[in-house]
Amino acid sequence: PAAPPPPPPAFWPSAASPPASPQPRVLCFAGAQLLGTAEALRDALAADALLAGIAPHAGHRATVALACEVAANSDDGLALLSVATPSGAYVVDVAQIGADAVCCALWPLLSSTAVTKLIHGCEPAALALVEAGVFLAGVLDTRLVSGTVFGDPSASLDEMLQSFPGLEHFARQGEVSPPGGEGWASVRPLTTEAVAAAAGAVSRLLAVAPGMASLLADRWDGYVAASEACASAAVNGSA
């Protein structure tokens, strides 16, 4: 007689198993993933190698976009951290998870020199992250590029995008500001509009990566070094 079929893997539900209660760990809406728990953050890191700071292979320029939002009361430190990779945009609720836990989980990315982080104005992010024990490395400050190449060091992200042919439509997406005024990143629960705004900003920033690489060409590494120097100066100046 034929051998009986093997038993199903242990993780398969059986008739005797109680139904699992729905507990979504990653909330997906507005084209973004809101990561509001440490478990959701771990799941996202396992699914996206770049988010985990793992470059695909040597010789390939891996680039993500990064933004940090500080709480309305600056003494409360980092409130939100947003990252865009080619796989998607992630909005990490630092106020909910805890800055130490978030920075520990994202330390391989934030400190990696193999994965370049585009950021529009690196000093505030560097200051917020160093308070949680992370020194930002491998960063390219697009505001620095805007100042030295386009002559406008105070240009907003959307103003800079308009300097790149074909990206004007991305800039128009940034006209709607997050609700809640200057302290919007501290308002809980986070609204769909706030998450969409945070994710949209880093997504638009990542869209400039190919044009930025073409513009800078062999000066890319020099701008990364200059950006890191600006971040270090901001940290040392606040000490």
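Let's start with helix α10, residues 220–238, which gives the second largest pocket the largest share of its lining, four residues. Please keep in mind that this is a predicted model. The volume of that second largest pocket is about 150 Å³. Who lines it? The residues are R61, A62, T113, A114, T116, G138, A217, D218, W220, D221, V224 and E228. Sorted by class, that lining has five nonpolar, three polar and four charged residues.

One of the lining residues, A217, deserves a short stop. A217 sits in the loop between α9 (209–216) and α10. Its phi is near 50°, a positive value in a residue other than glycine. Is A217 buried, partly exposed or exposed? Its relative accessibility is 41%, so A217 counts as partly exposed.

Now let's walk along α10 to A231, which belongs to that helix. A231 has a relative accessible area of 3%, so this residue is buried. Which residues does A231 contact once we leave aside its neighbours within four places in sequence? The partners are C122 and A126. There is also D141, 90 residues away from A231 along the chain, yet the two C-alpha atoms are separated by 9.2 Å.

Both of those contact partners, C122 and A126, bring us to helix α4, residues 122–130, where they are buried along with A125, A128, L129 and V130. What do the buried residues of α4 pack against? They pack against β3, β4, α3 (99–110), β6 (115–119), β7 (139–141) and α10. If you look at α4 on the screen, here is a handy thing to remember: an α-helix has 3.6 residues a turn, so residues three or four places apart point the same way.

A128 of α4 has a distant partner as well. D76 and A128 are 52 residues apart in sequence, and their C-alpha atoms are 9.9 Å apart in space. D76 lies in the loop between β3 and β4 (78–85). With a relative accessibility of 57%, D76 counts as exposed, whereas A128 is buried.

Let's visit the two strands on either side of that loop. In strand β3, residues 62–70, we find T63. T63 is 12% accessible in relative terms, so it counts as buried. Not counting residues up to four places away in sequence, T63 touches L50, P86, T116, L118, L206, A209 and W220. Two of these, T116 and W220, also line the pocket we began with.

In strand β4 we have S82. At 3% relative accessibility, S82 is buried too. Leaving out residues up to four places away in sequence, S82 touches A65, L66, A67, Y90, V91, A198 and V202.

A198 and V202 take us to helix α8, where both are buried, together with A194, V195, A199, G200, R204, L205 and L206. How far apart are the end C-alpha atoms of α8, and what should we expect? Helix α8 has 16 residues, 192–207, and at 1.5 Å a residue it should span 22 Å. The end C-alpha atoms are 22 Å apart, so the model agrees with the expectation.

Just before α8 there is a detail worth clicking on. P189 is in the loop between α7 (168–172) and α8. The peptide bond from R188 to P189 is cis, with omega near 0°.

Next, the cysteines. A disulfide is a covalent bond between the sulfur atoms of two cysteines. How many disulfides does this structure hold? The count is zero. For C68, the nearest cysteine sulfur belongs to C103 and is 7.8 Å away. The sulfur of C104 also has C103 as its closest cysteine, at 8.9 Å, and that is too far for a bond. C68 and C104 have different surroundings: C68 is buried, with a relative accessible area of 17%, and C104 is exposed, with 58%.

Finally, let's step back to the whole protein. It has 10 helices and seven strands. Of its 239 residues, 40% count as buried. And among contacts between residues at least 6 apart in sequence, 63% join residues at least 24 apart. Thanks, everyone, and please do ask questions!

How values were computed:
Residues numbered from 1 in each chain as written. Predicted model: local features only at pLDDT ≥ 70, side-chain atom pairs only at ≥ 80, totals over all residues. Heavy atoms only, no water. Helix = DSSP H or I, 4+ residues; strand = E, 2+ residues; numbered from the N terminus. Expected span 1.5 Å × (residues − 1). Buried < 20%, exposed > 50% of the residue type's maximum accessible area, 1.4 Å probe, protein only. 1 Å grid on protein atoms, 1.4 Å probe; cavity = no way out; pocket = protein on both sides within 12 Å on 5 of 7 lines; lining within 4 Å. Points joined across faces, edges and corners; volume = space filled by probe spheres on them. Nonpolar A, V, L, I, M, F, W, Y, C, P; charged D, E, K, R; others polar. Disulfide = S-S within 2.5 Å. Contact = heavy atoms within 4.5 Å.
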